[in-house]
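Biologist: I am new to this structure. Please take a close look at the open sheet for me, strand by strand, and then place it beside the rest of the model.

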Amino acid sequence: MEIKGQNAKLFLVEKLPWFLIVFFYLGFVILRPSLLNFNMILFMIYSVIPLGFLVLAQSICLISGNIDLSVAAITGFVGTVSGLLLVANPFIPDSVSILLPILIGAICGTFNGFLIGLLEFNPFIVTLGTMMFFHGFRFFIYRSTILGKDLPQFYLIWGGKPELSIFSFVIILGVFWIILNYTRFGTYVYAVGCSSQTAQMMGINVKVIKFFVYIISGVLTGLSALYYTGFNNSVPVTMAQESLFPSFAGAVLGGVSLAGGRGSVTNAFAGTLLLAVVEGGLTAFQISPIEREIAYGLLVIAAIWLNKMRDQIRDSILKPKI
Amino acid sequence: MFLSFKMLSETPLLETRNVHKFFGKVHALKGVNFKVNKGEIVGLIGDNGAGKSTLIKIIAGVIPKDAGEIFWEGKRVEINSVKEARKLGIETVFQEQALIDFFSASRNIFLGREILTKFGPFSFINYKKMNMETAVLLKELRLRASPEQEVRFLSGGEKQGVAVARALKFKSKLVILDEPTRALSVAGVAQVMDFVRRLKQEGIACIFITHTLSHVYPIADRIVMLSRGVKVLDVNKEEYTMNELEDLIIELSKKVEG
């Protein structure tokens, strides 16, 4: 009986962000019953998918013990370059059109990965540099909005149709969950994040793992650009510009450790959804953007505290009793 | 005829000849000749900075040597990485860096050599099988830990046990234990000694590094002492009692200081 109770407790703390989503949503519904609406829930999830990719990218970097400050800037850059290429070449086949942002994102990620993984430069400084570089370069190439009507329909539906957007994201999330939990590569990402020194001693090629982590981050950033474009039905000048901090907030709310080696990508997505629920709720109550920002800040700080509590509870359950 | 047979049978498992290592201007190893026979337990002792860790890091493939040769089962080898050392059958347990704290015992034991199940073109880690094999290993070493236990909850001695289980599992020929008894309780030290005896039963040779002679004397076949990068002592244990050896070590240490 006691074991059962412990398991339930463990389940609760390990899936905490999901329970928080329900808690906040029900809270808002009690205050305003009109929020209890399927379309409302659908839209909340849908609107957060492009950011979801960035949270995923950030989480994988954080789990590997690194950081990626350039995710949002690369999204803007990829969206613009890929959009411009498609406008200039309207006869690009559909399948190639959606590979374009993924490929450009991967190239940007490779650049980060080369410097951080292979040359062992400091990830904070490198991605700070690439953040500024890609942000500037985006405006250097093109200074205005690319309109959706100039882009192929197939390119826009991924982020444009809520059901397809959510469904395809969940599939991709599932793939990454499997990679991180059930493949050698995933295990090594966690191992490197826990202790790169031990991983090295155990014969894991830490440099190569980090290199690939940033390529993956780049690919996910490219996907984010694709979905942002569809969601906005355009490539706005400000695309993803304010997504860097939410990418951290989502990951942290989901319990990803900034120290590396711990966290789950599914929980990180829950963290992203939590942001969306709080945003949706606060918007419904006509809370101004400035006040919302204050609320987010408090939420992130609360998340750190909550994570700490969670780890303590988790440890006390997992610790063998003698 | 007899002589040549004897020589053949006594080809050391590992031999280093005239190995040198420099760290900048520091001459950390000054031509060390060191050998380990098959199934032999060698106690490697010496003060901090004597070159013990440097020597085993070279053997384990963590750092390159600057000069000298390494022979493995009579053949000259270059050990350029931990992976290459593992391929030869050398398993190293580094103090405090042997395990990933947040990984389970079984994930630690199989780290880098996970059991995979093929699923079409993809390979996935088979945790169930890893846990089952780990349970057997832990039982063999008389460890109470569960395979799924995160190793950060284990005691120092148990952690060494998990690392030793790795060597048992993968049929290593030589296990290097880098100060396995440092910061361990008396019970922990006894436990580690037990693990080493278990390795010997399996015919696995062991280099046991320590500051404390009493931690290795009961289990060692041979005692080697390094001092300031030079091998100053290399004796079969049977030839000395522990007290005699202790006196000898103190004398040797004084000589170097003087």
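Modeller: What follows starts with the sheet, then moves to the contact between the chains, and ends in chain A. Bear in mind that this is a predicted model.

The sheet belongs to chain B. It is open and has six strands, in the order 6-9-10-3-11-12, with mixed pairing. Which strands form its edges? They are strand 6 (90-93) and strand 12 (230-236) of chain B, and each of them pairs on one side only. From one strand to the next, the twist averages 15°.

Take the edge at strand 12 of chain B. Its partner is strand 11 (residues 222-227) of chain B. The two run antiparallel, and six bridges join them. One pair to look for is R222(B) with N236(B), its bridge partner in strand 12 of chain B.

Now go to the other edge, strand 6 of chain B. Four bridges tie strand 6 to strand 9 of chain B, and these two strands run parallel. Here I90(B) stands opposite L174(B) in strand 9 of chain B. Side chains in a regular strand alternate between the two faces of the sheet. Strand 6 of chain B can be read residue by residue: I90(B) and T92(B) point one way, while E91(B) and V93(B) point the other way. Are these four residues buried or exposed? All are buried, including E91(B).

Helices pack on this sheet too. Helix 6 (residues 156-169) of chain B touches strand 6 and strand 9 (174-177) of chain B. The direction of helix 6 makes about 175° with that of strand 6 of chain B. Helix 7 (residues 186-201) of chain B also packs on the sheet. Helix 7 touches strand 3 (41-45), strand 9 and strand 10 (205-210) of chain B. Its direction makes about 160° with that of strand 10 of chain B.

One loop of chain B deserves a stop. E73(B) sits between strand 4 (67-72) and strand 5 (75-77) of chain B. Its phi is near 50°, a positive value in a residue other than glycine. E73(B) counts as partly exposed because 14 other C-beta atoms lie within 10 Å.

Next, the contact between the chains. Chain A gives 18 residues to it and chain B gives 21 residues. On the chain A side, the elements that give two or more residues are helix 10 (184-194) and helix 11 (196-201) of chain A. Helix 10 of chain A gives the most, with four residues. By class, the chain A side has eight nonpolar, seven polar and three charged residues.

That leads into chain A itself. Chain A has 15 helices and two strands. Its radius of gyration is 20 Å, close to the 20 Å that the globule rule gives for 322 residues, so chain A is as compact as a globular protein of that length. Its C-alpha atoms fill a box of roughly 70 × 55 × 35 Å along the principal axes. Buried residues make up 48% of the 322 residues in chain A. Of the contacts in chain A with a separation of 6 or more, 79% come from residues 24 or more positions apart.

One residue shows such distant partners. S217(A) is in helix 12 (residues 206-232) of chain A. S217(A) is buried because 30 other C-beta atoms lie within 10 Å. Beyond its neighbours within four places in sequence, S217(A) is in contact with A57(A), I60(A), C61(A), D68(A), V71(A) and G109(A). G105(A) is 112 residues away along the chain, yet its C-alpha atom and that of S217(A) are separated by 8.2 Å.

Chain A also offers a helix pair. Helix 13 (residues 244-253) and helix 14 (residues 265-284) of chain A pack at about 115°, with axes 6 Å apart. Their crossing is right-handed. Among the residues that make the contact are P246(A) and A249(A) of helix 13 of chain A, and A268(A) and G271(A) of helix 14 of chain A. This contact has eight nonpolar, three polar and no charged residues.

Last, a loop in chain A. E120(A) lies between helix 6 (94-118) and helix 7 (123-141) of chain A. E120(A) has a positive phi of about 60°, although it is not a glycine. E120(A) is exposed, since it has 11 other C-beta atoms within 10 Å.

Terms used
Residues are numbered from 1 along each chain as its sequence is written. Chains are lettered from A and ligands numbered from 1 in the order in which they are written. This is a predicted model: local features need pLDDT of at least 70, side-chain atom pairs count only at pLDDT 80 or more; totals for chains, interfaces and linings use all residues. Two strands pair if DSSP finds at least two bridges between them. Axes are lines fitted to C-alpha atoms, for helices over the stretch in contact, and angles run from 0 to 180 degrees between N-to-C directions. Two residues are in contact if their C-beta atoms, placed from the backbone, lie within 7 Å. Ala, Val, Leu, Ile, Met, Phe, Trp, Tyr, Cys and Pro count as nonpolar, Asp, Glu, Lys and Arg as charged, and the others, Gly among them, as polar. The radius of gyration is taken over C-alpha atoms; the globule rule is 2.2 Å times the number of residues to the power 0.38. A residue is buried if 20 or more other C-beta atoms lie within 10 Å of its own, exposed if 12 or fewer, and partly exposed in between; C-beta atoms are placed from the backbone. A crossing is left-handed if the near helix is turned anticlockwise from the far one by less than a right angle, and right-handed if clockwise.
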